[in-house]
Amino acid sequence: MRYVCIHGHFYQPPRENPWLEAIEWQDSAYPYHDWNERVTAECYAPNTAARILGEDGKIFRILNNYAWMSFNFGPTLLSWMEANAQDPYEAVLKADKVSRARFSGHGSAMAQPYNHMILPLANERDKRTQVLWGIEDFKARFGREPEGMWLPETAVDVKTLEVLAEFGLRFTVLAPYQASRVRPIGGGDWRDVRGGKIDTSIPYLVRLPSGKTIAAFFYNGNIAQAVAFGGLLDNGKRVAESLVAGVPKDGEMPRLSHIATDGESYGHHHRFGDMALAYALHHIQVNGLAQITNYGEFLEKCPPISEAEIIENTSWSCIHGIERWRSDCGCQSGRHPGWNQAWREPLREAFDWLRDTLAPKFEEGLKELFYDPWRARDDYIGVLLDRTEDAIEAFLAKHGRAPLDQNSKVRALKLLELQRHAMLMYTSCGWFFDDLSGIETVQVIQYAGRALQLASQLFGDHLEARFMERLSNAKSNVKEMGDGKAVFGRIVKPAMLDLVSAGAHYAISSIFEQYPSEARIYKYTAKRLDFEDYEAGRVRLILGRARMTSSVTLESLVVRFVAVHFGDHALNAGVCPENGDMPCLEEIKRPLLEAFRALDVAGLVRLMDQHFGCSSYTLKSLFRDAQRRELGRILESTLGDIEQEYRQVFDRYEMLMRFLSDLGVPLPQAFKATVRFILNTDLVRLMERYPLDTIRIVELLHDAKAWGVELDTPKLSFVLTHTLEDAMGSFFRAPMRIGGLKELVESLRFLKEEPFDVNLWKVQNLYYEAYKALYKDAEKKAQEPLLPGTKSVEQWVRLFSELGELLGIRLVE
């Protein structure tokens, strides 16, 4: 009669560049490429294979937590994972299938509105589209209809529940403080439960004005708070005991102890939180303390016997209701006590004005092409899930009043993209944090910028000035950032791209990369029409034509380009759209080549301006990741020169520095900078090579300690982690090779002696798979002395067992 359910809300805001549909390099996520990658490594992946430790500290079981808990993933996060973190993505989908078998046919995954919009603040159309897109995304990924839907920030009003019920969703999950009053379903007096006084161990029926109903689970706020913020995740057994103790002692009917927290609590916010969760689930299960369940199963076993009314316009993360997303209510991260969030209100007002200004233009513009513009917007999720040419054509044929020509197709898709970005700009994280200039808020302003750009292309309207007027009322706490208008001009405007900008990237990157005749560059395709390449000493010139096409809007444009690389970062390019009034490329080529071969830089630049427009492009015009990559290549020789200088200083004064160290005299800063550079450089190289030269690594680590030099431990740990993962992957592909096993054992012995903060999660996973596949047979052969090769098998078993010990894995039957 006692049940336990743990819900994790797994979510990251969409971080993609709106013009590239990809996440670019985020320095704050160092040493990872971006925050999605980092949080995946710290949380989403570990929860697919969470370790359970015994009293001896050894791993004796690995658990896919998702298969034992209730969870929801944001659709935009799952879209990123599908492309960039396929193993965790597949494990999440598989967990839902496993949970269906475990929980009476009820999958543990819940749906979520598409891009985490605060639905009580959304207009009716956006409410519907957000819910519908969330359902359709869920069906496409999990292969079934969702039973429940998690509301962003659990923000709720009656109209939102009406939409959920209209689409057939059976339940949602709310905070206990969102309940107003309850009573038995058969009638009776209402009882006030405001302030979190509701009995959270049963589901409630919420009656809606339309006559429809939906079930609501109100989670245990005290335990959830302790897990998320109170340190309860420091001990998995305590988590289990708290959950079991949360079940009321009532033998007459099933009771549920359940919590809901950000899923990132389990590994990202709290290191090893995934392991604490796994241990809690294991402890409850093996000791029979309660029945682990999910919401769908419990709702079937224990239908509501009471009904509840909600407090409208409330959420789980703002004590003032939903003010955190529209006013300076006082809710913020706490990291900047002197700051205000008065910028929230004018930001939302500017966005509301933009949305309401664009809506009739969208409707009028698409009505010329489609039967029902808003129904087409609802169906557009199918294109987001499948951007293949066939899928797009099928969508256009379904909604078009008549077969569309190419220009009409482009216009229709641009109109729909305008609406998509007009919704993406309401992603909740844009208002959640402390300042207008934060990356989350800049992200939503970029979405607004994309909508403005599309509106300008579609309608010829110049809405930007009127939008800026409103956005300027949002003031940043950071003096240098000014206001929303300044943020837009400083960060958003330079990020805007069009087909000519994409052509500039193609031209410049062609200096460094060899593209095929048709190349995919993010969401653009570059089809080479003409391409010529010339060199004169260190100087290189390329000249050509390419058709640039957006795979999102199908818009296409032929561009002409020329790029000259003078060496290092000195590069200039000219790019312009081709038109019929231009001279042919052959006519342009002759004078360009004459100036190029004569190394007449001024003449070359003048001709580039004359024939390719006044727009001058440089390395700064490359998309950010390519910019980093090419600058890295350029810097290689420069850094090599710098390294040589440092090494000369190091070699010349090494004995003096060691003498100072022996006397206990701190190194002068000039020496310290030299030593820091040399030791970090050498350690990175040593840790990239396998097998590891552990003797030399230990020597350098001891030198760093003796000289009091700070090492770049995040980078060193990151490099060593990937080196060991690659080594374990090689072993896994040829597991009976004694040499490979010896090298791994020696490497792990080194880690035991010189403990680096290395993430051995993937290494342990591969070992565990090899153990299950090979160990028992090998152990059996090793015990049969008359068989040929027994000694080598015996050696393998001994080394494999030692490797398990070093990895902290207990070998059990």
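Helix H4 gives four residues to the lining of the largest cavity, which is the most that comes from any element. This is a good place to begin a walk through the model, which is a predicted one. The largest cavity holds about 50 Å³ of space, and the count of cavities of 30 Å³ or more comes to two. Around the largest cavity stand Phe 73, Pro 75, Leu 78, Met 110, Ala 111, Gln 112, Gly 134, Asp 137, Phe 138 and Phe 142. Besides helix H4 (124-142), helix H2 (75-84) also gives two or more residues to this lining.

Let us stay with helix H4 a moment longer, since Asp 126 has its place there. Is Asp 126 buried or exposed? With a relative accessible area of 3%, Asp 126 falls under the 20% limit, so Asp 126 is buried. Leaving out residues up to four places away in sequence, Asp 126 touches Met 117, Arg 355, Arg 377 and Met 423.

From the cavity we can step into the nonpolar interior by way of Phe 73, one of the lining residues. Phe 73 is also among the residues with the most contacts inside the largest nonpolar core, together with Phe 351, Phe 370 and Phe 467. That core has 194 residues, and helix H16 (residues 439-459) gives the most to it, with 10 residues. What does Phe 73 touch, apart from its neighbours within four places in sequence? Phe 73 is in contact with Phe 10, Tyr 44, Tyr 66, Leu 78, Met 81, Val 92, Met 110 and Gln 112. A second core, separate from this one, has 59 residues, including Ile 697, Ala 727, Leu 748 and Ala 770.

Now we turn to the sheets. Strands of a sheet pair through backbone hydrogen bonds, and they may do so in a parallel or an antiparallel way. One open sheet has six strands in the order S6-S10-S9-S13-S7-S8, and its pairing is mixed. At its edges are strand S6 (171-174) and strand S8 (191-192), each of which pairs on one side only. Strand S10 shows both kinds of pairing. S6 and S10 run parallel and are joined by four bridges, with Phe 171 bridged to Ala 215 in S10. Strand S9 (residues 204-207) and strand S10 (residues 213-218) pair in the antiparallel sense, also over four bridges, and here Val 206 has Ile 214 as its bridge partner. Helix H5 (residues 158-166) packs on this sheet, where it touches S6, S9, S10 and strand S13 (306-310), and its direction makes about 115° with that of S10. The hairpin of S9 and S10 has five residues between the strands, and Gly 211 takes a positive phi near 100° in this hairpin. Five of the six residues of S10 are buried, so S10 is largely enclosed by the rest of the structure.

Another open sheet of six strands has antiparallel pairing, with the order S14-S15-S16-S17-S18-S19. Strand S14 (518-521) and strand S19 (616-617) each have a single partner strand, so one side of each is left without a neighbour in the sheet. Between strand S15 (residues 524-536) and strand S16 (residues 539-550) there are 12 bridges, and Ala 526 stands opposite Met 548 in S16. Helix H19 (residues 499-509) packs on this sheet and touches S14, S15, S16, strand S17 (556-567), strand S18 (570-577) and S19. The direction of H19 makes about 40° with that of S17.

Conventions
Residues numbered from 1 in each chain as written. Predicted model: local features only at pLDDT ≥ 70, side-chain atom pairs only at ≥ 80, totals over all residues. Heavy atoms only, no water. Core = buried A, V, L, I, M, F, W, Y, C linked by side-chain atoms within 4.5 Å. Buried < 20%, exposed > 50% of the residue type's maximum accessible area, 1.4 Å probe, protein only. Contact = heavy atoms within 4.5 Å. Pairing = 2+ DSSP bridges. Axes fitted to C-alpha atoms, helices over the stretch in contact; angles between N-to-C directions. 1 Å grid on protein atoms, 1.4 Å probe; cavity = no way out; pocket = protein on both sides within 12 Å on 5 of 7 lines; lining within 4 Å. Points joined across faces, edges and corners; volume = space filled by probe spheres on them.
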